[in-house]
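Student: I should like to work through the ring contacts and the ligand site of this structure. May we proceed by question and answer?

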Amino acid sequence: MRVFCSSAKYSAEPSRRRVKRLQVEVVAQMGKDSDFLGRDILSIRDYKRDQLERLFHSVEDLEKSPNSLDGLLKGDLAALLFFEPSTRTYSSFQIAASTLGMQVTGFASPAGSSVSKGETLHDTIRMFEGYGADCFVIRHPMPGAARYAAETTDKPVINAGDGSREHPTQAMIDLFAIRKAFGKLDGLKVGILGDLKYGRTASSLAYGLSNYDVEMTFIAPEALQMRPEVQHFLKQKGITSKSEKDLRSVVSELDVLYVTRIQKERIPDPTEFEKVKGMYQVNLETLKEAKPSLKVLHPLPRVDELAAELDATNFADYFVQAAAGLPLRMVLMSLVLGDGS
Ligand code: NCD
């Protein structure tokens, strides 16, 4: 779906009226998009290629006209409930919602809320519903928490990461960033490196990539390899994937290298963490054999798995990737709540 019409059509109008008219048109088109309108965004598996492509076209349009959605959702209230720490996801949703004109409430970590006194997810949601929340953005350490939240309220719930399982909006950002770097996703060889067992961004990206004609290589120590259910899903969809222990043996083939940190907080046994900690690091030396066009992505935060010496090279795409989070989350919220009321 193309969200924006040619601005030339309105160029004679004063800018405030022009924005209003653009918004009316945006809402009219978004209102037709029943794949997003009023829906929960719980798993990237719920999205097919054409839906993702419509989303990406709208993000491209927003990048071309950065103010065109400003104030679109004025009067709506977004409840951002983060039961786990976050920097990028929380702040980009917060800025996205405010730029859309929404009021924002909630908490960025459980420490400052009644969750630290033992309040349940159910009660927290019901309470914010009572305050008039029009949508919920939820991050939680328990897998399935976002789905449970969606069953608790009639308002749309956006999963901002639940446990080690799903992070659908991050996967949308990652797909968008790869597409932006190469102008396509089909035909690419994508390596996903790191903690693929506990890292929700890695599995969500693999699910998202399964909508495209890509070859995936999962690079991880055995103890952190991609979970069987993800590999099974890919196999059923006929997607080629292979598993490797060592980056060096595959780096020369790759177009994209998606690096993730070891999810220390999710590894149940500290001795297991001791065994895998520091097992991989991506730096200039490990990328010696890489194609000059290789793009390195990372959902961030990084710890020691991605050397800062890469930041100034053409390989580094992770800050561009992080920046895409804002327009993408703006478009997503507009599509979910774009009722124009
Ligand atoms: C990731 C997450 O929370 O899963 N961060 C993010 O949302 N960009 C990755 C991580 O914490 O390692």
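Student: The charged end of which residue sits over the ring of Tyr 207?
Tutor: The model is a predicted one. A charge counts as sitting over a ring only if it is within 6 Å of the ring centre and within 35 degrees of the ring normal. At 4.6 Å from the centre of the Tyr 207 ring lies the charged end of Arg 45.

Student: Are the planes of the rings of Phe 82 and Tyr 90 stacked or edge-to-face?
Tutor: A pair of aromatic rings is described by the distance of the centres and the angle of the planes. Phe 82 and Tyr 90 are both buried. Their ring centres are 5.1 Å apart and the planes stand at 90°, so the pair is edge-to-face.

Student: How many residues apart are Phe 107 and Phe 128?
Tutor: These two form a tilted aromatic pair, with 6.5 Å from centre to centre and 50° between the planes. Phe 107 belongs to strand S2 and Phe 128 to helix H4, so the pair links distant parts of the chain, with a separation of 21 residues.

Student: Which residue has a side-chain N or O atom 2.7 Å from an oxygen atom of the ligand?
Tutor: The residues surrounding the ligand include Arg 139, Arg 261 and Pro 299. A polar side-chain atom of Arg 139 is 3.0 Å from a ligand oxygen, while Pro 299 places a backbone N or O atom 2.9 Å from a ligand nitrogen. The side chain with the 2.7 Å contact is that of Arg 261.

Student: What percentage of the ligand's exposed area does the protein bury?
Tutor: Taken alone, the ligand exposes 320 Å². Of that area, the protein buries 94%.

Notes:
Residues are numbered from 1 along each chain as its sequence is written. This is a predicted model: local features need pLDDT of at least 70, side-chain atom pairs count only at pLDDT 80 or more; totals for chains, interfaces and linings use all residues. Side-chain values use heavy atoms; hydrogens and water are left out. Rings of Phe, Tyr and Trp (its six-membered ring) pair if their centres lie within 6.5 Å; planes under 30 degrees apart count as stacked, over 60 as edge-to-face and the rest as tilted. Buried means under 20% relative accessible area, exposed over 50%, partly exposed in between (1.4 Å probe, protein chains only). Helices (H or I, at least four residues) and strands (E, at least two) are DSSP runs, numbered from the N terminus. A residue is near a molecule or strand if one of its heavy atoms lies within 4 Å of it. A polar contact is a pair of N or O atoms within 3.5 Å; within protein, one must be able to donate a hydrogen and the other to accept it, and residues adjacent in sequence count only if both atoms are side-chain atoms. Accessible areas come from the Shrake-Rupley method with a 1.4 Å probe; for residues, only the protein chains shown count as cover.
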